[in-house]
Amino acid sequence: MKSQARVVVIGGGVVGVSVLYHLTKRGWKDVMLVERSELTSGSTWHAAGGMHTINGDPNMSHLQAYTVNLYDELERESGQSCGLHRVGCLYLAGTEARAEYFKTELAKAHYLGIGLHEVSMDEVKKINPLVDTSKFTKAMFDPADGHVDPSSVTHAYAKAAKNKGATISLRNPVLELHQKPNGHWLVVTKEGTIEAEYVVNAGGLWAREVGRLAGIDLPILPMEHEYIVTNAIPEVEALSHEIPMTIDFEGESYMRQEQKGLLIGTYEHDCRHWALRGTPQDFGHELLQEDVDRIWSALEFAMTRYPCLEKGGIKRTINGPMVFAPDGNPLIGPVPGLTNYFAACGVMAGFSQGGGVGMVVANWIIDGEPGMDVFAMDVARFGLHNNGAFTIEKTTENYRRRFTMTFPNEELPAARPLKTSPLYASLKAEGALFGAAFGWEYPLWYAPAGVEAREEPTYRRSNAFPHVAAEVRAVRERVGIWETSSYGKIEVSGPDAAKFLDRMVTNRLPAQGRTVLCPMLSPAGRIFGDLTVTRLREDAFLMIGSGTAETYYMRWLNAHAKGERLAIRNVTPDYSGLSLTGPKARDVLQALTDSDLSAAAFPFLQARRIQIGLADALVIRASFTGELGYEIYVAPHNLLHVYERLRAAGDAHDLRLFGVRALHAMRIEKGYGSWGREYTADYNAAEADWGRFVKLDKGDFIGRAAAERHFREDLTRKLALLEVAADDIDVMGAEPIFSEGKAVARVTSGYFGHSVGKQLALAYLPISGDRFEIEVLGRRVSATRLNAAPFNPTSTRLRS
C-alpha cells in the first residue's frame, strides 16, 4: 500500500469514487481511495438507482443534469456499462398548486438547457400506459432521466479513475486521523499510515464516524428508506417498451419498471431514523428489517394511480439506510475549523447528484474554489447549530416532505425557534410573522390589530401583500424599525488586522469612525462576499454581512490568516441590532441623545458611539432601504431598553415596525443587490457593476488579477433592473428571461415596488437590448431594462 498521496478519499460509495474520478480528470494522479470493505458497501448497493435533473435550486439542477449526462462519457472512458436505462422521467400532478409548481420547473428548463417539457394526458398514456390519467391534470417529461445500476456506476467511476492513475485500497478501514504541523494528514488505516495533503470524507453511512476521527460532528443522520419490487405483472409483460421513471407527487411515490414487474418506493410520514449513536462498523451489505406496514397506505394509494399494481404482489422488500442532512442537500466543501479536510457526504440522491458533487469537490481542492455557487450544499451553511436534536428534527421534516411542495413564501416549522433575540416576544406580540435563516428568527411582516399573523403558501400574491405595502409606505413617508440582530458580525483586530483585511477585500479600508462597502472575491475573481467594514479603532474592524454566510465568511478569513498577528471573532452574539430608517429617523433618534445627528456632524457612512437612553450604542449611518437611516448595535441586554425608547420617541411620528418583505421591496426600488441572490460565485465584480467598490490601484488583494481582466474585457452580461408588466402575479426569482425567443438570463430577485407601483426584477442581462420577456407561471410578460432606479435615483434621501 502507498504511504503518501496528495489526496486520500475515505469511502468507496458512488460519491467517493466520483470525487476520485474527477480529481484524475483534472490531472491529479497521485490520489487514493480507502474503503473499509468493498465498493458500494453502505447505502450505494441497495439504492433504487433513479436519476433525474429536476430540483428546486437551479444550480442543483445544473449539477444533476451534469451527472445524468456524464454516464455516457463514463461508459466510454471506463469500458464498462453503467446499467444505463435512459427511459426518461415522467412527473405527474393532480392539483392546481402542483400544476403551478410544474410551470416554474418547466420555465427553469429553458435556461438550464435541459429537455424537461410538458406532455398531455394522451401522451402520458403512450409513455406510460400503466398510469390512470383520470387522476392527473398536468404532466412533465424529461427524456434524459431514467435509472442506472448502482454497482455498475460505482465500478465504472473506479475503473476510469484507476485508468488515469488513481489507487484504490479495499478492505482497509481508517482507524485514526492526525494532522501534522504542516497541515498534512496522517491517515492511519488497518494496513498502514498514509500521509496526505488533503482528506475527503466521503464516508456515506460512516461519515459521522470519519468526522469524529478529526474531532467534528457533521449534521447528518441515516434514515430507513423502503421500497418494494413486485412479481411479474401481465400489463408490464405486455408493454412494447420500458416505461419511464414515474413520480406521483400527490401520492408521494416513485415507480419504475423492474424486469416484468414494478419497483415502487415512498417517503412515508411515519419515518424512522437508524443508528442514531453511530453506524455499526460491521454493517455493509445488509438490509434492515422489513416493515411494509409503514408504507402500506402509500402503496394502496399507488394502486389507485397504477391499477395493475395490485395484481403484482410483493416479490421482495428493500429497507436500507440512507444518509440525510437537515435540508436534504449534500454536505460538501472545506469543513470549518479544519485545514484541508473536505466533506463529500449526505448525498442521498447519489445517482442524480454524485457526478456533480464529485466535480465540484475536485475543483474546490485543486482551484481553491468550486467554480460556481454551491452554497446550498456547502457544509458551512449550518454553522454551529448542527447539534443532534436539530438534525433529528430537520431530517424528519425533510424526509416527510421529499415530495411535498415548498412554496416560495413558505417557512418550515421544524427545529424552531432556535435562536431568538431579546425582542422576539415583543415583536411577536406586535403581530410579527417570523421566518428563519441560519437558526435566527426574524420578522417577515407584521399583521395589524385584528389580522391573524398567518400567510397562505402560494406562487401568487399572498394575503401579506397589503400589509407589506403599508409597511413600505410608513418607511417612505415617516419612519420604521427593522431588527438586524440576525446579521452576521465578525471582528478582526490586532497589529496585522489592517494589512490582512486590505488583502482580503477589494475596497480601500475606511478611516477610524467610517464605514465602507467591501466586497470579497475568489482567486478567479468570482463574487465571494458582500459586507460592510467599519473601523472601530486603528487596529480593529467590524465586518457586517448576511447572517446565513457567517460561518462561510469565518472559514474564508481563518484560512487566509495563518501567521498573522490578529484575532478573528464571531461577534454576532455580542451585537443585537435595530435599523431605524425613513425621513423622520433623525428626529426620532435625536430625541434620545445629546449627540449632534445633523447631516454635517454625522454624515452618511460614518460610525460612532452614542448614548441612547441609558445604553451605549454603536451607530452606523447606513440603510438598505434607500432612506435616511441608522443601524444601531447594542449589547443584547440593552436591546429591549433601546427598542422601547425608540418606540416611545417614534410615537410622535407614527413609527411602524417592518419586516424583511418590505425591506426587499424597498431595496429593489433602489436597484440594490443582495448576497445569495445577485451576489454569488456565479458572477464576477465587473458583471455586478462593482467598479466603485473594487480599487484595482490600491495594491494586491485576492482576485485582483482576475478582476482586472474582467473589467478590461468586453462584458457579455451585467446586473440590471427590469420593470415587469405583470399585473396580479409577482416575479419571485429564478424565472427565465427571453430575448427574441431565446432564454438569455434568469431573474435573481423579484418584488413589487410598492412606492413606485411597479413590478421589478434584478437579473444579469445581455449588454445589448432593452426589451425582454419573463416567463411567470407559464405566461410570458414583457419586461423593460431601466437605466436608473425608479425610486430617488440620485440617492438624496439616503444621504440627507
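This dialogue walks through a sheet, a buried histidine, a cavity and an enclosed helix in a predicted model.

Reader: In what order do the strands of the open sheet of 6 strands run, and with what kind of pairing?

Author: As a general idea, strands of a sheet pair through backbone hydrogen bonds, either parallel or antiparallel. Here the order is β28-β29-β30-β27-β21-β31, and the pairing is mixed. At the edges stand β28 (607-612) and β31 (656-657), each with a single partner strand, so one side of each has no neighbour in the sheet.

Reader: In which sense do strand β29 and strand β30 pair, and over how many bridges?

Author: Strand β29 (residues 615-620) pairs with strand β30 (residues 629-634) in the antiparallel sense, over 3 bridges, and Val 619 stands opposite Ile 632 in β30.

Reader: Which strands does helix α16 lie across?

Author: Helix α16, made of residues 636-650, lies across β21 (480-483), β27 (576-581), β28, β29, β30 and β31, and runs at about 20° to β27.

Reader: Turning to a single residue, does His 147 count as buried or exposed?

Author: A residue counts as buried when its relative accessible area is under 20%. His 147, which is found in strand β7 (residues 146-147), has 4% relative accessibility and therefore counts as buried. Its side chain makes a polar contact with the side chain of Glu 242, at 2.8 Å. Leaving aside residues up to four places away in sequence, His 147 touches a set of residues that includes Gly 49, Gly 50, Met 51, His 85, Met 245 and Arg 256.

Reader: How many cavities of 30 Å³ or more are there, and which residues line the largest cavity?

Author: Rolling a probe the size of a water molecule over the atoms shows where empty space is left. The count comes to 1 cavity of 30 Å³ or more, and about 40 Å³ of space lies in the largest cavity. Its lining is made by Trp 482, Tyr 487, Ser 579, Thr 581, Ser 623, Phe 624, Thr 625, Glu 631, Phe 658 and Leu 663.

Reader: Why is helix α17 described as largely enclosed by the rest of the structure?

Author: An α-helix has 3.6 residues a turn, so residues three or four places apart point the same way. In helix α17 (residues 660-669), 10 of the 10 residues are buried, which means that the helix is largely enclosed by the rest of the structure. Among these buried residues are Arg 661, Leu 663, His 664, Arg 667 and Glu 669. The buried residues of α17 pack against β20 (440-446), α12 (465-477), β21, β32 (717-724), β34 (742-753) and β35 (758-766).

Reader: What phi does Gly 671 take just after α17?

Author: Gly 671 takes a positive phi of about 75°.

Conventions. Residues are numbered from 1 along each chain as its sequence is written. This is a predicted model: local features need pLDDT of at least 70, side-chain atom pairs count only at pLDDT 80 or more; totals for chains, interfaces and linings use all residues. Side-chain values use heavy atoms; hydrogens and water are left out. Two strands pair if DSSP finds at least two bridges between them. Helices (H or I, at least four residues) and strands (E, at least two) are DSSP runs, numbered from the N terminus. Contact means heavy atoms within 4.5 Å. Axes are lines fitted to C-alpha atoms, for helices over the stretch in contact, and angles run from 0 to 180 degrees between N-to-C directions. Buried means under 20% relative accessible area, exposed over 50%, partly exposed in between (1.4 Å probe, protein chains only). A polar contact is a pair of N or O atoms within 3.5 Å; within protein, one must be able to donate a hydrogen and the other to accept it, and residues adjacent in sequence count only if both atoms are side-chain atoms. On a 1 Å grid over the protein atoms alone, a cavity is a set of points where a 1.4 Å probe fits but cannot get out, and a pocket is an open set with protein on both sides within 12 Å along at least five of seven lines; lining residues have an atom within 4 Å of a point. Grid points are joined across faces, edges and corners, and a volume is the space filled by probe spheres set on the points.
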